[in-house]
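Visitor: Before we accept any of the labels attached to this model, could we go through them one at a time and ask what each rests on?
Guide: Gladly; let us look at it first.

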Amino acid sequence: MEHSFQINLHGIIKLLSEHLYSGPQVYIRELIQNAVDALRARGKREPGHSGNIEIELRRGADGRPGLMIQDNGIGLTEAEVHQFLSVIGKTSKTAELFEQRDDFIGQFGIGLLSCFLVAERICVVTRSMQGDAAAVRWQGLPNGTYTIEEEAGQMAPGTVVILECKAGAEAYFEPDFVLRTARDYAGLLDYPIQLRAGERYTRINPLAPPWREEAEQPAKAALLEFGREQFGTTFLDATPLRSAAGQVAGIAYVLPFAPRTVAKGSHRVYLKNMLLADNVDNLLPDWAFFVRCIVNANDLRPTASRESFYEDAQLHETRAALGVCLRDYLKELAQSDPKRLQEIIGIHFLAMKALAVEDEEFYRIIIDFLPFETTMGRITLGEYKRHNRVLRFVPVLDQYRQVAQVAAAQSMWLINAGYVYDADLLAMHEQVFPGCRAEAVDVGALTHEFTELSADERKAAFRFLNAADRALTEYSCDAQVKKFLPEQLPALFILDQGASFVRSVEQSKEVSDAVWGGVLERLAESTGQTQASVCFNYNNPLIQKLVKLEDEKLLGKCATLLYVQALLLGHHPLNAKEMQLLNTGLLDLIEWGIDTQSKAGQVWPTSNSKLLN
Amino acid sequence: MADIELQIAQLVRQATYLPDGAPAKIQLLEEAIQLADSHQRVELQYQTRLELLSPAVFSGYTERAITAFTWCLGQIDQDPQRFPIENVLWNFKHILEDIADYPQISRQQIDSMFEDMHKRYHDAGYSVRPVYTTRAKTAARMGEIAAVVEYVEEMQRHPRDYFADCAACELHMHVESLAIAGRYAEAVQQAGPILSGRMGCAEVPHVTYAHLLMPLLHLGREDQAAEYHRTGYRLVSENRAFLLELAQHMVYLVQVGEWARGLEMFERHLPWAMTSAAVLQRLQFYLASLSLLERLAAGEQRLKLRLPQDFALYRQDGDYALDTLCTWFLQQCETLAAQFDDRNGNDYYRHALAARHRPVMRGGA
């Protein structure tokens, strides 16, 4: 007897393929899932039942590829067959459709629908294990018609689903493709699945996942071997993962290289032993990107497509619990194998820093092992603390670079906290370790570290400093004189963040029109009190000569040229006025030099002068 | 001199690996600019500035983007053949959508910039649709509710071309305009494709979740609001560019009474609010903080808090008197609200400040 589906099958197929599933290959998963559900249902009623699944690939009489999947599970009665059809018939919206998944019968129907993505005709022959049910054959076509009739013969309880490939979908029935896909999805399933192609039988799921042995901890070597097989990677280390929330068990593998930080961790996750997805990124905390995990969850809610997890309270709890596992693993390493921990940190310090910022307990354990860039080289914070009572750091990368060399020459221990997390980690230090605090160093105040001049020296330098100050006013720059290392550096130009911004604004103003120039002005105004400053070095021989000069005009000129030189040394771009200064200043000096020499009748002392004379 | 090109390329590449919101990302790009500047290589100066624009805006440093942008515009005007305008047209949107956050920029200046944007798009032969999208965003920031809706409608009258916002962003703007106009049910409904995950981009649904929190509470859909808070907060918590959205999450927490979590957010993000040059976002955050602290003050006198060292009332022992904090935040909010209202020519923010404790209707429309 022929019937029709009460639904817009075409529309639903379109819905499935375009908006839900990642591709038609999921039909294999859906078929296997239905078989597994049937086996589990039978197993509940008949404990000890030995369930198995067989997939067979063959060609039909007309040469068309076909796939048959058979299970010895609970089977369906005729009434239940009608039920799944009416279930499908009732729903018309995606949301309703996928609510049916929670019900065994409903899921069966939806699983079948996915087969229409690749099949011309679907046939289900099933015999329920319940009572005296007869075997039933159902055949459905994509045009919406189906037939249902009793099947003669003594079929054992179970279900057989037969698909006939639709034109254009041949690739999805290729034996290699089916094997690969089935293995991907069902490789860890707990019922044996055989794939038969002609006379060749292949077991889809030969391996049992290591976490299935509940009793003892599997050996680390066994975990690493499993990881090698699954991911084709030799990992640095492995640790078991467990969470009561979500009923999660699995393994975390430490990556042997630092992944791109913007790539969130992508983990292979199974739901009730069936692969959910290879790239689940919301099951573990964000900082866990230094591991690749393979886990099975028995009690988490998947989204309608069965390809990721629903963000609900259960998932949050699970995520937190798995985070604790990882954190405890690192804690354990810190105590039992610090060398290995250091090796792992060497590669994954970014993830460690991210975790330490969020988790105070972890911070306490790991902070001394974490590396930082300092003026004394790249060292762990523990090493830094051995030489310093206070953690002195420069929060801005650009500023640190300006002063790193000079600070190093002074043997000042400064930490570069310009990178992500570093400043936060340092700021947290005193909370976790009271008594040892971190101090942000403003490079503008760096000059306070330099040696002050003695009273006599200050008197001697007074005229120079005065002239310099006056000459530099028009460049919005302060002048100071101190003593510092290295001696060869005559002047250091220091720019704090605000002044740096103002400089870049000035530069843009030079080329902008009235509208935008006005806007820039307003932006710069509100930056407030900032000042660039140049610090002349009294240790430098040239400066010592300069302070003896009496010609104030010349002094001013030299000071401004030294100012420009300091800018250049610090890689600060010159604005138009400073460029002009450089050009005219150099030419002036050359002229002055020539004039002075010719006035005094002297020849520049050169190595050739003896010859000339 | 291929060496400097290599150096610059390396800096830029390093920057792309960092997430938006990491301060080092901007610093690396600014270093690249500086390198180009110090060698006076105009092409490189231009290119490195272009690289800075989006990351600076997306990390909450729009003022630096404006500076770089202005320089680029200057170059384009001087030599249109050498520097085609297409490079900056896209970034015009990002620059101007935050412009209202800077109170020192006058109303007139904002209008002039939009006129400039309109002219440049038009003269270059492109649709002016993005101009209206951006105007809508700015109007929302300036509390011009009727204008937001008008601009969104005007936007839809112009064709989409290469420079239009992505579909997700445009849909979000539409949703936001409905939310701001109090049309809550419509806003949630329109947001369907975004909420189901079908549409998304770098900022959507991050911002959508935040903007729908209060509308959902108004509609009595507390469970949904709770879910969007959980999922949405994770998306915005790492990036100071989302300070406004963070404030919205905080307001939500105050309304549902989750004050402990609100305090965590307060401690965590206050440093960003304090140092943000986008002052409007600071105001929003302070306003949310004020609501939270005032609620707490009803039951407690003192609190232990971890606040930044340069906070005006900073205490080493972390032990703060709630009414002192409330007074300070109230003062800040009053000053900033007045500043913005005077600039905008309305009383939107003063009104928001006064109405901060109005309970949200549950189950209303």
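**Labels and their grounds**

Visitor: What makes β20(A) and strand β22 (residues 532-537) of chain A a pair, and how do they run?
Guide: In this predicted model, six bridges join β20(A) to β22(A), and because at least two bridges are required for a pair, the two strands qualify; they run parallel. Within that pairing, Val481(A) stands opposite Phe536(A) in β22(A).

Visitor: What is the order of the strands in the open sheet, and which are the edge strands?
Guide: The open sheet has three strands in the order β20-β22-β21 (chain A), with mixed pairing. Its edge strands are β20 (477-482) and β21 (491-494) of chain A, since each pairs on one side only. From one strand to the next, the twist averages 20°.

Visitor: Which helices pack on the sheet, and what do they touch?
Guide: Helix α14 (residues 455-472) of chain A touches β20 and β22 of chain A, and its direction makes about 160° with that of β20(A). Helix α18 (residues 552-569) of chain A touches β20, β21 and β22 of chain A, its direction making about 65° with that of β21(A).

Visitor: How do you know that β15 (residues 371-374) and β16 (residues 377-380) of chain A pair, and in which sense?
Guide: They share four bridges in the antiparallel sense, and a pair needs at least two, so the label holds. Pro371(A) stands opposite Thr380(A) in β16(A), and the two strands form a hairpin with two residues between them.

Visitor: How do you know that helix α9 (residues 338-358) of chain A is not straight?
Guide: A straight helix of 21 residues would span 30 Å at 1.5 Å a residue, whereas α9(A) spans only 22 Å between its end C-alpha atoms. The helix has a kink of about 90°, centred on His348(A).

Visitor: Is His348(A) buried or exposed, and what do the buried residues of α9(A) pack against?
Guide: His348(A) is among the buried residues of α9(A), which also include Leu341(A), Ile344(A) and Leu355(A); the term requires under 20% relative accessible area. The buried residues of this helix pack against β11 (248-254), α8 (313-336), α10 (360-366), β15 and α13 (422-432) of chain A.

Visitor: What makes up the contact between chain A and chain B?
Guide: On one side are 43 residues of chain A, in contact with 47 residues of chain B. The area buried between the chains is about 3800 Å², of which carbon and sulfur atoms give 56%. In chain A, Val511(A), Trp516(A) and Arg522(A) lose the most area to chain B, together 19% of what that side buries.

Note on methods: Residues are numbered from 1 along each chain as its sequence is written. Chains are lettered from A and ligands numbered from 1 in the order in which they are written. This is a predicted model: local features need pLDDT of at least 70, side-chain atom pairs count only at pLDDT 80 or more; totals for chains, interfaces and linings use all residues. Side-chain values use heavy atoms; hydrogens and water are left out. Axes are lines fitted to C-alpha atoms, for helices over the stretch in contact, and angles run from 0 to 180 degrees between N-to-C directions. Contact means heavy atoms within 4.5 Å. The expected span of a helix is 1.5 Å times one less than its number of residues. The bend at a residue is the angle between axes fitted to the seven residues ending there and the seven starting there. Buried means under 20% relative accessible area, exposed over 50%, partly exposed in between (1.4 Å probe, protein chains only). Buried area is the accessible area (1.4 Å probe) that two parts lose on being put together, summed over both.
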